[in-house]
Amino acid sequence: MHLELRPVPDYKWQYLSPLLATMLTLLSGWLLFAWLTDAPGHALYVFFIAGISDAFGLSEWLLKATPMLLCAYGLAICYRASLWNIGAEGQLLMGALVGSAVALEFLDSESSLAIPSVILAGMTGGALWALLAGLLKFRFNTSEILTTIMLNYIAMNLLQWAVYGPLKDPGGFNFPESALFSEATLLPVLWPDTRLHVGFLFTCVVMPLTWLLLAKSFVGFQIQVAGQDPKAAVMAGYPVKRLGYVVLLISGALAGLAGAVEVIGPLGQLVPTVSPGYGYSAIIIALLGRLHPVGITLAGLLVSLLFMGAELSQIEMGLSSAIASLFQGLLLFFFLACDVLIRYRIRFSPGTVTPQPNH
Amino acid sequence: MLRFTVLPRLRWLTHRIVWLSVLMFSALANSAPLKVAFIYVHPAGESGYSYTHDQARKYVEDVFGDKIEVTVVDSVPDGADVERVLMQLARAGHKLIFPTSFGYMNAVQKVARRYPKVIFEHASGYKQARNVGTYFDRIYEGRYLSGVIAGHMSKSKQAGYVAAYPIPEVIRGINAFTLGMRSVIPDATVNVVWVNSWYDPGKEREAADSLIQQGADVLAQHTNSPASIQAAEAAGVYAVGYHSDMSRFGKNAHLTAPMHLWNDFYVKRINQVLDGSWKPESVWAGFSENMTTLAPLNPAIPPKVVAHIESLKEKIKAGAFHPFTGPVLDQQGETRVPAGTVMNDDALSKMDFYVEGVQGKLPR
Amino acid sequence: MDLDLLASLLYATFRTGTPILLVALGELICEKSGVLNLGQEGVMLMGAVTGFIVVSQFDSYALGIFTSVLTGIVMAAIFAFITLTLQANQVASGLALAIFGTGLSAFIGTDYQGQSIAGLPSLAVPHLSEISVIGPAFFQHDILVYTSLAATFLLWWNLKYARLGLILKAVGENPDAANALGLPVLKVRYLAVLFGGAMSGLAGAYVSLVYTPLWAENMTAGRGWIAVALVVFASWRISRVLLGAYLFGLASILHLVAQVFGADISPNLLAALPYAATIVVLVILSSNQTRHKLFAPLALAIPWHKSR
């Protein structure tokens, strides 16, 4: 068996490869569950379908996907520009921190400005945190991969410092949590009787906007040229650095938005554990979705389904919680590996050995 | 006229019979097991806090057999996810849920309002409701005793304390330990290192090593991993474990460990739910109700000390002694509890100062 | 500062620096050949859990360490197949490897959480270990610390004086030219990736068998990521990797030691300091653009296929 380069990439496989990957994941999942339980089929059902088979499940599914999707759209823009921003987690946490600080100013208020202020503050917090990585990159030539990882740890410690210190609820028995935000600061519920709040609508707005920016705008074109061939971008006279800043600011603002939406959405207060790693999951989602808004949406739904499936399989079948990340890794492997078929074809040629001119 | 009154009555009677038989049938169906769920913030298998709940979970499963059906969800982080887990459990027919992390508190309140028929027993929180009770153990009683033991075993008069986060419960433990140690050595000092994590064996190990290096010859910990026991064993000093018996991680070093004992409490609560007598309560119990205890004492502890500990334990149990009996001074020398009085539960539960003898400043 | 404290700080620095050093050495070879493997954290965890399981089952440290290394190689082989044979994106595959390794290690380690083993005993070097200060600081470690130092020296010598350095450089800088010269580009890259996996597996063994002899989910707590960062930070030079690993080891314990000495700063802010310091060092190292470019393998993270 060997790989042979296709004369032209086969775009049919752009759609077939995720399907093949899904099949492989299901197959390996079936094998895994067959080993762990008596009813692999039922386990797969619990993992992938039972959780979203009613209104409650659907609303929870979309709710869980919201912060990850917001981060992932921003990351996709970054990655199209070849800026490897790993820092969505830190930007999200800063958005949550700054947003909460503002939300606490509205504790006794019924002002209709409360929600917009919190959201704006969160976006600013995230954007500034990303800007920091941008400054380090464009002023000091420091790799954004590394600085954003470090900034994640710093943001995490800053958030903890705030929630154990200045933002701690004075009436909360000294526990590390902020006061509960006022009703006026909480995002209204979108779907009655569920937790799905209007924050979900942001994803519905951001997705087409991301698509417009990347596919239809000149700035988007410039961004991608700068990402794929920086030399050509410079030659064409594109403001490469400024584009880099813009891209980082957008993705930081979106991650910050995700953080703000979490604290005034399902949480309703600032706690030390705002995010169970949404910013990291978003990286996977962005790459799984091939940096395309529609692909990202599908990938985000898939990843949040995996999280919910892991919970449900514990509740219904007593399976271990580690299975979720094991599954995520497997799935990603299959998706990445199957993409080879877009550019290469597999040749099975028994008997005929391809000439190896170099040996 | 008679017909007019009899017919409706008959109809009423038949309704009544049908209704009664439905009731009886559902009563029969009710003999289906009570569904009980436990939610842990960490993996159940580690030696820390979640492990103690899981041990008690196994105990109640043995006690009640097929009268209950138990579900466990572990590794559920504090935050937005727990609300969904709680709702999923309620929807799956669980009638009694034990969410065991403080960070679940506000989610429990929200879900309890939505599912008024489901009973929640929230560990370590302070918010009750019509269907939410709270419980925790007075682990500081054991902490105090372990401090007394440390006082007897320490030669350098210095103890080291590896702590996770500066929340009241942890501060209370540090203070109780210090008071216990200073009841034996009046000028003993306790050094605290915050590792900012409930579970990071590497950091806990380094913190323990640097405390030992600074002269501490007894360690105590309010973290989940046994790393500081291992550090003490390697350095040849003593250590006090936490949560459960950690002696297997350091046979010589491990003096004892203040332990949670949830068994009796869980059995009592499940029984109350089964017979319908459950009421929301705020339970904070210690030695007296067998909710906390000490792990078996290290044989190196002299018999005289063991006897002293036993008598103190009995006194605490009987209510004749309280670890936070005045005079309790803080670091600035200010009296926090006047002589002859005992700190009340309200002050205990929101403690935010170090007692005299603890080194360093409490982070805020 | 008294000398005993100095000795114990140095000793602790070696202990905290060693796992980072081991991973970074492997990653350096891997990156020199032009492959970026971000997944070392997952490989490390797998090495940690398998080593621990074998030791608690068979009570043989040699077998445990061997298993860890083997596991590291197998994990790296998965990554190598996906990125080298199937040409997938290296950044994404590395992240997938990290996630996969974290999940799989938690999964297979479930029954071993909170169990205890004695831990690999330390090997005092005769005579040398009795010298005051220097002895306790440098010569009372376990065999893996000495191994990591020997590996550092061997790799340094090989990169500098033997063909290995030239081959890696050719493959990592210009694979097309290397191919034209008759070098088996993919084979070299495969071997480099597998070597990286072996080192991460060894680092995992160090964490679960020596440093804190127990198994807990995620017990490496981000050390694999730090090590990957360190390679860039050290501009792909062995001597700087060595220095950087110990510097980071020192930084990560200093904030705990500072508390013992009564530093009056929030522990959260103290804990953030090593990361801030890393950024500062990165800035200093990389602000000189030309020098930075000189050391980065030119073909890093770019897939290569013969028929391209």
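In what sense, and over how many bridges, do strand β6 (residues 158-163) of chain B and β7(B) pair? They pair in the parallel sense over 6 bridges, where two strands count as paired if DSSP finds at least two bridges between them, and strands themselves are DSSP runs (E, at least two residues), just as helices are runs of H or I of at least four residues, both numbered from the N terminus.

This is a predicted model, in which local features need pLDDT of at least 70 and side-chain atom pairs count only at pLDDT 80 or more, while totals for chains, interfaces and linings use all residues. Residues are numbered from 1 along each chain as its sequence is written, and chains are lettered from A and ligands numbered from 1 in the order in which they are written.

The two strands belong to an open sheet of 4 strands in chain B, with the order β7-β6-β8-β9 and parallel pairing. Its edge strands are β7 and β9 (238-239) of chain B, each of which pairs on one side only. Within the pair from the opening question, G160(B) stands opposite N191(B) in β7(B).

Strand β7 (189-194) also gives two or more residues to the side of chain B that touches chain C, as do α7 (201-213) and α8 (227-235) of chain B. Across this interface, 33 residues of chain B are in contact with 27 residues of chain C, contact meaning that the C-beta atoms, placed from the backbone, lie within 7 Å. The largest share of chain B's side, 10 residues, comes from α7(B).

Terms used
Two residues are in contact if their C-beta atoms, placed from the backbone, lie within 7 Å.
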